[in-house]
Amino acid sequence: MAYPNTKLYIGGEWSDASGGKTLDVVNPINGEVIGNVAHASRTDLERAVQAVASGFKTWSATSAFERYKVIRRAASLLRDRLEDAARLLTTDEGKPLSESRLEVNSCADLLDWFAEEGRRTYGRVIPSRGVSIQQYAVKDPVGPAVGFTPWNFPMSQIVRKLGPAISAGCSIIIKGPEEAPAAPAVLFQCLHDAGVPAGVVNLVFGTPSEISEFLVPHPVIRKVSFTGSVQVGKHLASLAGLHMKRVTMELGGHAPVIVADDANIDAATTALVAAKFRNGGQVCISPTRFLIQTNVHDEFVDSFVKKTKALKVGDGLADGVQVGPLINERRRAAVESLIEDAVSKGAKIETGGHRIGNSGFFFEPTVLTGVTTEMRAMNEEPFGPVALVKSFSDLGEAIEEAGRLPFGLGSYAWTSSASNARRLAQGVQAGMLSINHIGLGLPETPYGGVRDSGYGYEGGSEALEAYMNTRFITHDAN
Ligand code: NAD
(Lines give C-alpha, C1' and ligand atoms only; values in the text may rest on other atoms or scores of the structure.)
Protein backbone atom coordinates (compact mmCIF):
# COMPACT_ATOMS: atom_id res chain seq x y z
CA MET A 1 0.00 0.00 0.00
CA ALA A 2 1.43 3.43 -0.97
CA TYR A 3 1.78 5.77 2.01
CA PRO A 4 -1.13 8.26 1.99
CA ASN A 5 -0.42 11.90 2.84
CA THR A 6 -2.83 13.23 5.47
CA LYS A 7 -5.14 16.19 4.91
CA LEU A 8 -7.26 18.22 7.32
CA TYR A 9 -10.80 16.99 7.99
CA ILE A 10 -13.04 20.02 8.58
CA GLY A 11 -16.81 20.29 8.19
CA GLY A 12 -17.11 16.76 6.79
CA GLU A 13 -14.49 17.22 4.03
CA TRP A 14 -10.82 16.45 3.55
CA SER A 15 -8.76 19.43 2.37
CA ASP A 16 -5.20 20.62 1.98
CA ALA A 17 -4.17 23.47 4.24
CA SER A 18 -5.06 26.86 2.82
CA GLY A 19 -1.70 28.08 1.60
CA GLY A 20 -0.65 24.47 1.00
CA LYS A 21 1.83 24.19 3.87
CA THR A 22 2.79 20.65 4.97
CA LEU A 23 4.96 18.95 7.58
CA ASP A 24 7.16 15.93 6.84
CA VAL A 25 6.31 12.55 8.34
CA VAL A 26 9.39 10.50 9.20
CA ASN A 27 9.65 6.71 9.41
CA PRO A 28 11.32 5.97 12.78
CA ILE A 29 12.94 2.76 11.55
CA ASN A 30 15.26 4.65 9.17
CA GLY A 31 14.70 8.39 9.71
CA GLU A 32 13.51 8.83 6.12
CA VAL A 33 10.64 11.10 5.09
CA ILE A 34 7.75 8.91 3.98
CA GLY A 35 5.11 11.53 3.30
CA ASN A 36 3.51 14.62 4.76
CA VAL A 37 0.62 16.04 6.74
CA ALA A 38 -1.26 19.29 6.10
CA HIS A 39 -0.28 22.17 8.40
CA ALA A 40 -3.39 24.17 9.36
CA SER A 41 -3.25 27.93 8.89
CA ARG A 42 -5.27 30.48 10.88
CA THR A 43 -7.87 30.42 8.06
CA ASP A 44 -8.21 26.63 8.44
CA LEU A 45 -8.62 26.95 12.21
CA GLU A 46 -11.30 29.60 11.77
CA ARG A 47 -13.08 27.24 9.40
CA ALA A 48 -12.77 24.44 11.97
CA VAL A 49 -14.35 26.65 14.65
CA GLN A 50 -17.31 27.46 12.39
CA ALA A 51 -17.68 23.78 11.54
CA VAL A 52 -17.56 22.59 15.17
CA ALA A 53 -20.15 25.23 16.16
CA SER A 54 -22.55 24.12 13.44
CA GLY A 55 -21.78 20.43 14.17
CA PHE A 56 -22.79 20.99 17.78
CA LYS A 57 -26.18 22.40 16.75
CA THR A 58 -26.94 19.32 14.65
CA TRP A 59 -25.52 16.69 16.97
CA SER A 60 -26.87 17.98 20.28
CA ALA A 61 -30.33 17.94 18.68
CA THR A 62 -29.87 14.32 17.53
CA SER A 63 -31.34 11.67 19.83
CA ALA A 64 -28.99 9.65 22.02
CA PHE A 65 -30.29 6.51 20.30
CA GLU A 66 -29.45 7.85 16.82
CA ARG A 67 -25.98 8.92 17.99
CA TYR A 68 -25.43 5.47 19.44
CA LYS A 69 -26.26 3.79 16.11
CA VAL A 70 -23.87 6.03 14.15
CA ILE A 71 -20.97 5.59 16.59
CA ARG A 72 -21.40 1.81 16.71
CA ARG A 73 -21.37 1.75 12.90
CA ALA A 74 -18.03 3.63 12.98
CA ALA A 75 -16.63 1.03 15.41
CA SER A 76 -17.68 -1.74 13.08
CA LEU A 77 -16.08 -0.03 10.06
CA LEU A 78 -12.88 0.39 12.05
CA ARG A 79 -12.78 -3.36 12.72
CA ASP A 80 -13.23 -3.97 8.96
CA ARG A 81 -10.28 -1.66 8.23
CA LEU A 82 -8.11 -2.91 11.09
CA GLU A 83 -5.24 -4.23 8.99
CA ASP A 84 -4.75 -1.04 6.94
CA ALA A 85 -4.99 1.15 10.02
CA ALA A 86 -2.57 -1.01 12.01
CA ARG A 87 0.06 -1.03 9.25
CA LEU A 88 -0.09 2.77 8.95
CA LEU A 89 0.10 3.13 12.70
CA THR A 90 3.27 0.98 12.85
CA THR A 91 4.81 2.77 9.86
CA ASP A 92 4.38 6.20 11.48
CA GLU A 93 4.94 5.41 15.13
CA GLY A 94 7.19 2.34 15.11
CA LYS A 95 5.35 0.03 17.54
CA PRO A 96 5.12 -3.67 16.55
CA LEU A 97 2.21 -4.57 14.30
CA SER A 98 0.70 -6.80 17.01
CA GLU A 99 0.50 -3.76 19.33
CA SER A 100 -0.99 -1.61 16.56
CA ARG A 101 -3.69 -4.22 15.96
CA LEU A 102 -4.47 -4.20 19.69
CA GLU A 103 -4.67 -0.41 19.61
CA VAL A 104 -7.07 -0.31 16.65
CA ASN A 105 -9.23 -3.02 18.20
CA SER A 106 -9.26 -1.19 21.51
CA CYS A 107 -10.47 1.94 19.68
CA ALA A 108 -13.42 0.01 18.26
CA ASP A 109 -14.16 -1.34 21.76
CA LEU A 110 -13.92 2.15 23.26
CA LEU A 111 -16.28 3.57 20.64
CA ASP A 112 -18.78 0.78 21.29
CA TRP A 113 -18.67 1.32 25.01
CA PHE A 114 -18.96 5.11 24.88
CA ALA A 115 -21.82 4.78 22.36
CA GLU A 116 -23.68 2.50 24.76
CA GLU A 117 -22.94 4.71 27.73
CA GLY A 118 -24.28 7.74 25.84
CA ARG A 119 -27.74 6.15 26.11
CA ARG A 120 -27.47 6.14 29.90
CA THR A 121 -26.63 9.77 30.64
CA TYR A 122 -29.48 9.94 33.12
CA GLY A 123 -30.38 12.96 35.15
CA ARG A 124 -32.43 12.44 38.32
CA VAL A 125 -35.60 13.47 40.09
CA ILE A 126 -34.88 14.85 43.55
CA PRO A 127 -37.54 14.53 46.28
CA SER A 128 -38.84 18.02 47.02
CA ARG A 129 -39.82 19.72 50.27
CA GLY A 130 -43.26 20.75 49.04
CA VAL A 131 -45.97 18.60 47.41
CA SER A 132 -46.47 20.97 44.48
CA ILE A 133 -42.77 21.30 43.72
CA GLN A 134 -40.95 19.14 41.22
CA GLN A 135 -37.16 19.31 41.12
CA TYR A 136 -34.83 17.53 38.80
CA ALA A 137 -31.28 17.55 37.43
CA VAL A 138 -30.61 17.09 33.71
CA LYS A 139 -27.41 16.39 31.83
CA ASP A 140 -26.57 18.45 28.76
CA PRO A 141 -23.57 18.26 26.44
CA VAL A 142 -21.07 20.91 27.47
CA GLY A 143 -20.62 22.28 23.91
CA PRO A 144 -17.95 22.22 21.20
CA ALA A 145 -14.70 20.76 22.54
CA VAL A 146 -11.06 20.64 21.52
CA GLY A 147 -8.72 17.70 22.18
CA PHE A 148 -4.92 17.74 21.86
CA THR A 149 -3.54 14.25 21.40
CA PRO A 150 0.02 12.86 21.29
CA TRP A 151 1.89 10.46 19.05
CA ASN A 152 2.43 7.50 21.39
CA PHE A 153 -1.08 6.07 20.84
CA PRO A 154 -2.00 8.02 17.73
CA MET A 155 -5.48 6.54 17.42
CA SER A 156 -6.57 5.55 20.90
CA GLN A 157 -5.63 8.87 22.51
CA ILE A 158 -8.02 10.49 20.02
CA VAL A 159 -10.82 8.01 20.74
CA ARG A 160 -10.49 8.57 24.51
CA LYS A 161 -11.49 12.21 23.89
CA LEU A 162 -13.65 12.06 20.78
CA GLY A 163 -15.59 8.95 21.92
CA PRO A 164 -17.02 10.37 25.14
CA ALA A 165 -17.44 13.83 23.55
CA ILE A 166 -19.66 12.69 20.69
CA SER A 167 -21.45 10.09 22.82
CA ALA A 168 -22.45 12.90 25.19
CA GLY A 169 -23.70 15.03 22.27
CA CYS A 170 -20.69 17.36 21.92
CA SER A 171 -18.82 18.21 18.73
CA ILE A 172 -15.01 18.27 18.76
CA ILE A 173 -11.87 19.48 17.00
CA ILE A 174 -8.93 17.12 17.45
CA LYS A 175 -5.39 18.46 17.10
CA GLY A 176 -3.82 15.16 16.14
CA PRO A 177 -0.22 13.96 16.29
CA GLU A 178 1.87 15.43 13.44
CA GLU A 179 4.41 12.58 13.91
CA ALA A 180 1.79 9.87 13.27
CA PRO A 181 -1.19 11.25 11.33
CA ALA A 182 -2.13 8.41 8.94
CA ALA A 183 -3.96 6.06 11.32
CA PRO A 184 -6.02 8.93 12.78
CA ALA A 185 -7.12 9.71 9.20
CA VAL A 186 -8.46 6.13 8.88
CA LEU A 187 -10.47 6.65 12.08
CA PHE A 188 -11.99 9.88 10.77
CA GLN A 189 -12.87 8.23 7.46
CA CYS A 190 -14.73 5.53 9.42
CA LEU A 191 -16.65 8.20 11.34
CA HIS A 192 -17.46 9.95 8.05
CA ASP A 193 -18.61 6.74 6.35
CA ALA A 194 -20.68 5.79 9.39
CA GLY A 195 -22.71 8.97 8.94
CA VAL A 196 -21.35 11.35 11.59
CA PRO A 197 -22.74 14.70 10.33
CA ALA A 198 -20.47 17.43 8.98
CA GLY A 199 -18.71 19.48 11.66
CA VAL A 200 -19.30 17.06 14.54
CA VAL A 201 -15.73 15.70 14.36
CA ASN A 202 -12.83 17.67 12.88
CA LEU A 203 -9.13 16.83 12.58
CA VAL A 204 -6.35 19.37 12.28
CA PHE A 205 -2.56 19.31 12.48
CA GLY A 206 0.00 22.09 12.60
CA THR A 207 2.11 23.95 15.14
CA PRO A 208 0.67 22.80 18.51
CA SER A 209 1.25 26.10 20.34
CA GLU A 210 -0.36 28.16 17.53
CA ILE A 211 -3.41 25.91 17.55
CA SER A 212 -3.85 25.90 21.32
CA GLU A 213 -3.33 29.67 21.64
CA PHE A 214 -6.13 30.18 19.11
CA LEU A 215 -8.61 27.45 20.06
CA VAL A 216 -8.44 27.29 23.88
CA PRO A 217 -9.49 30.93 24.43
CA HIS A 218 -11.97 30.91 21.51
CA PRO A 219 -15.50 31.65 22.82
CA VAL A 220 -17.05 28.83 20.73
CA ILE A 221 -14.92 26.20 22.53
CA ARG A 222 -16.40 25.09 25.89
CA LYS A 223 -14.15 22.18 26.84
CA VAL A 224 -10.42 21.44 26.55
CA SER A 225 -8.77 18.05 26.87
CA PHE A 226 -5.03 17.45 26.60
CA THR A 227 -2.74 14.42 26.79
CA GLY A 228 1.00 15.05 26.94
CA SER A 229 3.72 16.35 29.22
CA VAL A 230 3.14 17.94 32.64
CA GLN A 231 4.82 21.14 31.53
CA VAL A 232 2.56 21.69 28.50
CA GLY A 233 -0.47 20.50 30.50
CA LYS A 234 0.07 23.13 33.19
CA HIS A 235 0.38 25.80 30.53
CA LEU A 236 -2.86 24.75 28.78
CA ALA A 237 -4.74 24.32 32.07
CA SER A 238 -3.84 27.87 33.08
CA LEU A 239 -4.84 29.22 29.65
CA ALA A 240 -8.16 27.35 29.90
CA GLY A 241 -8.63 28.61 33.47
CA LEU A 242 -8.21 32.19 32.31
CA HIS A 243 -11.16 31.65 29.97
CA MET A 244 -13.19 29.49 32.40
CA LYS A 245 -13.20 26.37 30.20
CA ARG A 246 -13.87 22.88 31.47
CA VAL A 247 -10.62 20.86 31.36
CA THR A 248 -9.35 17.28 31.36
CA MET A 249 -5.58 16.78 31.72
CA GLU A 250 -3.92 13.40 31.16
CA LEU A 251 -0.25 14.11 31.81
CA GLY A 252 2.99 12.32 32.56
CA GLY A 253 3.74 9.72 35.20
CA HIS A 254 6.62 7.81 36.77
CA ALA A 255 4.85 4.60 37.68
CA PRO A 256 6.12 2.74 40.74
CA VAL A 257 6.03 -1.06 40.84
CA ILE A 258 6.17 -2.55 44.34
CA VAL A 259 7.11 -6.23 44.51
CA ALA A 260 6.81 -7.76 47.98
CA ASP A 261 8.83 -10.83 48.98
CA ASP A 262 5.70 -13.02 49.01
CA ALA A 263 5.01 -12.34 45.30
CA ASN A 264 5.09 -14.88 42.49
CA ILE A 265 8.31 -13.56 40.90
CA ASP A 266 8.08 -15.52 37.67
CA ALA A 267 4.53 -14.32 36.99
CA ALA A 268 5.49 -10.77 37.96
CA THR A 269 8.50 -10.55 35.64
CA THR A 270 6.62 -12.05 32.69
CA ALA A 271 3.85 -9.46 33.01
CA LEU A 272 6.18 -6.58 33.82
CA VAL A 273 8.69 -7.12 31.00
CA ALA A 274 5.80 -7.04 28.52
CA ALA A 275 4.34 -3.92 30.16
CA LYS A 276 7.66 -2.10 30.55
CA PHE A 277 8.78 -2.47 26.94
CA ARG A 278 5.36 -2.09 25.31
CA ASN A 279 5.66 0.73 22.76
CA GLY A 280 9.34 1.03 23.76
CA GLY A 281 8.30 2.38 27.17
CA GLN A 282 6.70 5.46 25.55
CA VAL A 283 3.55 5.02 27.61
CA CYS A 284 2.34 7.36 30.37
CA ILE A 285 1.55 4.37 32.64
CA SER A 286 4.76 2.49 31.77
CA PRO A 287 6.15 0.68 34.87
CA THR A 288 9.29 2.69 35.74
CA ARG A 289 10.49 2.60 39.36
CA PHE A 290 10.79 -1.09 40.27
CA LEU A 291 10.86 -1.27 44.09
CA ILE A 292 11.75 -4.82 45.07
CA GLN A 293 11.80 -6.24 48.61
CA THR A 294 15.38 -7.13 49.57
CA ASN A 295 14.86 -10.92 49.96
CA VAL A 296 13.68 -11.30 46.38
CA HIS A 297 15.68 -8.52 44.73
CA ASP A 298 18.31 -10.77 43.09
CA GLU A 299 15.80 -13.38 41.99
CA PHE A 300 13.63 -10.62 40.47
CA VAL A 301 16.57 -8.99 38.65
CA ASP A 302 17.83 -12.34 37.24
CA SER A 303 14.39 -13.24 35.92
CA PHE A 304 13.56 -9.74 34.62
CA VAL A 305 16.93 -9.36 32.85
CA LYS A 306 16.71 -12.82 31.26
CA LYS A 307 13.28 -12.05 29.82
CA THR A 308 14.38 -8.57 28.71
CA LYS A 309 17.38 -9.99 26.83
CA ALA A 310 15.05 -12.35 24.96
CA LEU A 311 13.01 -9.47 23.45
CA LYS A 312 13.32 -9.06 19.69
CA VAL A 313 13.92 -5.43 18.66
CA GLY A 314 13.43 -4.28 15.06
CA ASP A 315 11.10 -3.05 12.36
CA GLY A 316 7.60 -3.31 13.78
CA LEU A 317 6.25 -4.62 10.48
CA ALA A 318 8.61 -7.65 10.60
CA ASP A 319 7.47 -10.97 12.04
CA GLY A 320 8.09 -11.60 15.72
CA VAL A 321 9.36 -8.11 16.59
CA GLN A 322 8.40 -7.13 20.15
CA VAL A 323 10.03 -3.70 20.48
CA GLY A 324 10.25 -1.06 17.74
CA PRO A 325 12.26 2.17 17.50
CA LEU A 326 11.62 5.28 19.57
CA ILE A 327 9.56 8.00 17.91
CA ASN A 328 12.40 10.40 17.07
CA GLU A 329 16.00 11.37 17.76
CA ARG A 330 14.95 13.84 20.48
CA ARG A 331 13.33 11.03 22.48
CA ARG A 332 16.33 8.74 22.00
CA ALA A 333 18.80 11.44 23.09
CA ALA A 334 16.65 12.14 26.19
CA VAL A 335 16.69 8.45 27.22
CA GLU A 336 20.42 8.20 26.58
CA SER A 337 21.18 11.23 28.70
CA LEU A 338 19.14 9.88 31.65
CA ILE A 339 21.09 6.59 31.49
CA GLU A 340 24.46 8.36 31.29
CA ASP A 341 23.54 10.46 34.31
CA ALA A 342 22.47 7.38 36.32
CA VAL A 343 25.61 5.43 35.43
CA SER A 344 27.84 8.39 36.31
CA LYS A 345 26.18 8.37 39.76
CA GLY A 346 26.74 4.65 40.34
CA ALA A 347 23.89 2.75 38.64
CA LYS A 348 24.76 -0.61 37.08
CA ILE A 349 23.60 -1.54 33.57
CA GLU A 350 22.31 -5.14 33.82
CA THR A 351 21.38 -5.19 30.14
CA GLY A 352 21.01 -2.66 27.30
CA GLY A 353 21.98 0.96 27.77
CA HIS A 354 22.90 1.81 24.19
CA ARG A 355 21.63 2.87 20.77
CA ILE A 356 21.23 0.14 18.19
CA GLY A 357 22.67 0.58 14.68
CA ASN A 358 23.02 3.68 12.55
CA SER A 359 19.58 3.64 11.01
CA GLY A 360 16.44 4.95 12.71
CA PHE A 361 15.87 5.61 16.40
CA PHE A 362 16.41 2.21 18.02
CA PHE A 363 17.48 1.85 21.64
CA GLU A 364 18.19 -1.32 23.62
CA PRO A 365 15.71 -2.44 26.28
CA THR A 366 17.60 -1.41 29.40
CA VAL A 367 17.64 -2.51 33.05
CA LEU A 368 19.51 -0.47 35.66
CA THR A 369 20.09 -1.61 39.25
CA GLY A 370 21.57 0.22 42.22
CA VAL A 371 19.65 3.38 41.37
CA THR A 372 19.27 6.20 43.90
CA THR A 373 16.86 9.11 44.20
CA GLU A 374 19.68 11.54 43.28
CA MET A 375 19.63 10.26 39.72
CA ARG A 376 17.63 12.25 37.15
CA ALA A 377 15.94 9.10 35.84
CA MET A 378 14.39 8.51 39.27
CA ASN A 379 12.78 11.96 39.13
CA GLU A 380 12.05 12.70 35.46
CA GLU A 381 9.76 10.55 33.33
CA PRO A 382 12.08 8.46 31.11
CA PHE A 383 9.35 7.79 28.51
CA GLY A 384 11.55 5.12 27.00
CA PRO A 385 12.75 1.50 27.39
CA VAL A 386 14.38 1.84 30.81
CA ALA A 387 13.56 -0.12 34.00
CA LEU A 388 15.02 1.32 37.21
CA VAL A 389 15.41 -1.23 40.01
CA LYS A 390 15.79 -0.32 43.70
CA SER A 391 15.46 -2.52 46.77
CA PHE A 392 13.45 -1.87 49.95
CA SER A 393 13.17 -3.67 53.27
CA ASP A 394 9.81 -2.59 54.67
CA LEU A 395 6.57 -2.08 52.69
CA GLY A 396 6.03 1.33 54.31
CA GLU A 397 9.36 2.46 52.85
CA ALA A 398 8.23 1.40 49.36
CA ILE A 399 4.89 3.18 49.72
CA GLU A 400 6.74 6.32 50.76
CA GLU A 401 9.07 6.11 47.76
CA ALA A 402 6.07 5.55 45.47
CA GLY A 403 4.59 8.85 46.67
CA ARG A 404 7.86 10.81 46.71
CA LEU A 405 7.40 12.28 43.24
CA PRO A 406 4.67 14.78 42.36
CA PHE A 407 3.20 12.39 39.76
CA GLY A 408 0.28 10.04 40.45
CA LEU A 409 -0.92 8.17 37.37
CA GLY A 410 -0.37 4.40 37.00
CA SER A 411 1.08 2.17 39.74
CA TYR A 412 1.57 -1.57 40.14
CA ALA A 413 2.17 -4.06 42.93
CA TRP A 414 2.77 -7.76 43.32
CA THR A 415 2.03 -9.60 46.57
CA SER A 416 0.22 -12.77 47.63
CA SER A 417 -0.80 -11.28 50.97
CA ALA A 418 -4.26 -9.75 51.41
CA SER A 419 -3.03 -7.46 54.15
CA ASN A 420 -0.16 -6.14 51.98
CA ALA A 421 -2.63 -5.58 49.14
CA ARG A 422 -4.89 -3.63 51.47
CA ARG A 423 -1.99 -1.46 52.73
CA LEU A 424 -0.96 -0.75 49.15
CA ALA A 425 -4.50 0.09 48.06
CA GLN A 426 -4.79 2.57 50.91
CA GLY A 427 -1.27 4.00 50.78
CA VAL A 428 -0.19 4.39 47.15
CA GLN A 429 -1.08 7.87 45.89
CA ALA A 430 -1.97 7.27 42.26
CA GLY A 431 -5.03 7.54 40.05
CA MET A 432 -4.75 3.83 39.19
CA LEU A 433 -3.27 0.79 40.98
CA SER A 434 -3.03 -2.67 39.44
CA ILE A 435 -2.21 -5.55 41.81
CA ASN A 436 -0.88 -8.91 40.55
CA HIS A 437 -1.73 -8.22 36.92
CA ILE A 438 -1.59 -5.46 34.30
CA GLY A 439 -5.18 -4.34 34.29
CA LEU A 440 -5.35 -0.65 33.40
CA GLY A 441 -7.07 1.07 30.49
CA LEU A 442 -10.26 -0.88 29.77
CA PRO A 443 -13.12 1.14 28.25
CA GLU A 444 -15.35 0.60 31.29
CA THR A 445 -12.80 1.56 33.97
CA PRO A 446 -11.73 5.08 35.03
CA TYR A 447 -8.45 6.20 33.47
CA GLY A 448 -6.71 9.25 34.87
CA GLY A 449 -4.23 10.71 37.31
CA VAL A 450 -3.93 12.79 40.45
CA ARG A 451 -1.49 15.54 41.51
CA ASP A 452 0.87 16.61 38.66
CA SER A 453 -0.41 13.78 36.46
CA GLY A 454 -3.56 15.80 35.87
CA TYR A 455 -7.27 15.55 36.55
CA GLY A 456 -10.37 14.09 34.97
CA TYR A 457 -10.95 10.62 33.55
CA GLU A 458 -10.89 9.18 30.05
CA GLY A 459 -12.52 5.84 30.73
CA GLY A 460 -15.59 4.58 32.55
CA SER A 461 -18.76 6.59 32.99
CA GLU A 462 -16.60 9.42 34.40
CA ALA A 463 -15.33 10.02 30.86
CA LEU A 464 -18.79 11.11 29.69
CA GLU A 465 -19.35 13.27 32.76
CA ALA A 466 -16.39 15.35 31.57
CA TYR A 467 -18.40 16.37 28.49
CA MET A 468 -21.67 17.17 30.26
CA ASN A 469 -23.08 19.96 32.37
CA THR A 470 -25.59 19.28 35.12
CA ARG A 471 -28.52 21.69 35.19
CA PHE A 472 -30.97 21.87 38.07
CA ILE A 473 -34.64 22.73 37.47
CA THR A 474 -37.23 23.33 40.16
CA HIS A 475 -40.89 23.90 39.33
CA ASP A 476 -43.78 24.84 41.59
CA ALA A 477 -46.84 23.46 39.76
CA ASN A 478 -49.33 25.37 41.95
P1 NAD B 1 6.22 17.65 24.20
O2 NAD B 1 6.02 18.20 25.56
O3 NAD B 1 6.95 18.49 23.20
O4 NAD B 1 4.82 17.30 23.54
C5 NAD B 1 3.90 16.45 24.14
C6 NAD B 1 2.57 16.62 23.39
O7 NAD B 1 2.09 17.93 23.62
C8 NAD B 1 2.68 16.52 21.87
O9 NAD B 1 1.57 15.81 21.40
C10 NAD B 1 2.64 17.95 21.37
O11 NAD B 1 2.03 18.06 20.11
C12 NAD B 1 1.79 18.62 22.41
N13 NAD B 1 2.09 20.02 22.64
C14 NAD B 1 3.30 20.57 22.90
N15 NAD B 1 3.18 21.90 23.10
C16 NAD B 1 1.86 22.20 22.95
C17 NAD B 1 1.10 23.41 23.05
N18 NAD B 1 1.67 24.58 23.36
N19 NAD B 1 -0.23 23.34 22.84
C20 NAD B 1 -0.83 22.15 22.55
N21 NAD B 1 -0.17 20.98 22.45
C22 NAD B 1 1.16 21.00 22.67
O23 NAD B 1 6.94 16.27 24.37
P24 NAD B 1 7.34 15.12 23.35
O25 NAD B 1 8.83 15.12 23.16
O26 NAD B 1 6.48 15.03 22.15
O27 NAD B 1 6.96 13.90 24.29
C28 NAD B 1 7.73 13.63 25.41
C29 NAD B 1 7.07 13.94 26.71
O30 NAD B 1 5.68 14.17 26.57
C31 NAD B 1 7.22 12.75 27.61
O32 NAD B 1 8.27 12.94 28.50
C33 NAD B 1 5.90 12.61 28.29
O34 NAD B 1 5.96 13.17 29.58
C35 NAD B 1 4.95 13.43 27.52
N36 NAD B 1 3.94 12.62 26.82
C37 NAD B 1 2.97 12.07 27.56
C38 NAD B 1 2.00 11.32 26.95
C39 NAD B 1 0.91 10.68 27.74
O40 NAD B 1 0.33 9.71 27.28
N41 NAD B 1 0.55 11.23 28.90
C42 NAD B 1 2.05 11.12 25.58
C43 NAD B 1 3.06 11.71 24.84
C44 NAD B 1 4.00 12.49 25.48
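These are my notebook entries on a ligand site, a sheet and a ring pair in a predicted model.

**Entry 1: the ligand shell**

I started with the ligand and listed its neighbours. I found 23 residues around it. W151, S212, S229, R330 and E381 are the closest. I then sorted the shell by residue class. It splits into 10 nonpolar residues, eight polar ones and five charged ones.

**Entry 2: polar contacts**

Which atoms of E381 and R330 face the ligand's oxygen atoms? In E381, a polar side-chain atom lies 2.3 Å from a ligand oxygen. In R330, a polar side-chain atom sits 3.0 Å from an oxygen atom of the ligand. I also looked up L251. Here the backbone is involved: an N or O atom of the L251 main chain is 3.2 Å from a ligand nitrogen.

Next I checked burial. On its own, the ligand exposes 800 Å², and the protein buries 86% of that area.

**Entry 3: where the shell comes from**

I mapped the shell onto secondary structure. Four elements are listed as giving two or more residues: α7 (208-215), β10 (223-227), α8 (230-242) and α11 (329-344). The largest share comes from α7, with three residues.

Why do I place the ligand between two domains? Domain 1 (8-251 + 452-474) and domain 2 (255-443) both contribute shell residues, so the ligand lies between them.

**Entry 4: the seven-stranded sheet**

I moved on to a sheet. It is open, has seven strands and shows mixed pairing. I noted the order as β14-β15-β16-β13-β12-β17-β18. Which strands stand at the edges? They are β14 (348-351) and β18 (434-435). Each has a single partner strand, so one side of each has no neighbour in the sheet.

I took one pairing in detail. β12 (residues 255-259) runs parallel to β17 (residues 412-414), and three bridges join them. Within this pair, V259 of the first strand stands opposite W414 in β17. As a reminder to myself, strands of a sheet pair through backbone hydrogen bonds, in a parallel or antiparallel sense.

**Entry 5: aromatic rings**

I counted ring pairs with centres within 6.5 Å. The total is nine aromatic pairs. I picked F65 and Y68 for a closer look. Are their rings stacked or edge-to-face? Their centres are 5.7 Å apart and their planes meet at 25°, so I logged the pair as stacked. The cut-off for stacking is under 30 degrees.

I then placed the two residues in the chain. Both F65 and Y68 belong to helix α2 (residues 64-80). They are three residues apart, about one turn of the helix.

Definitions and conventions
Residues numbered from 1 in each chain as written. Predicted model: local features only at pLDDT ≥ 70, side-chain atom pairs only at ≥ 80, totals over all residues. Heavy atoms only, no water. Near = heavy atom within 4 Å. Polar contact = N/O pair within 3.5 Å; in protein donor to acceptor, adjacent residues only side chain to side chain. Areas by Shrake-Rupley, 256 points an atom, 1.4 Å probe, with all protein chains shown as cover. Nonpolar A, V, L, I, M, F, W, Y, C, P; charged D, E, K, R; others polar. Domains from an automatic or database assignment. Pairing = 2+ DSSP bridges. Phe/Tyr/Trp six-rings, centres within 6.5 Å; stacked < 30°, edge-to-face > 60°.
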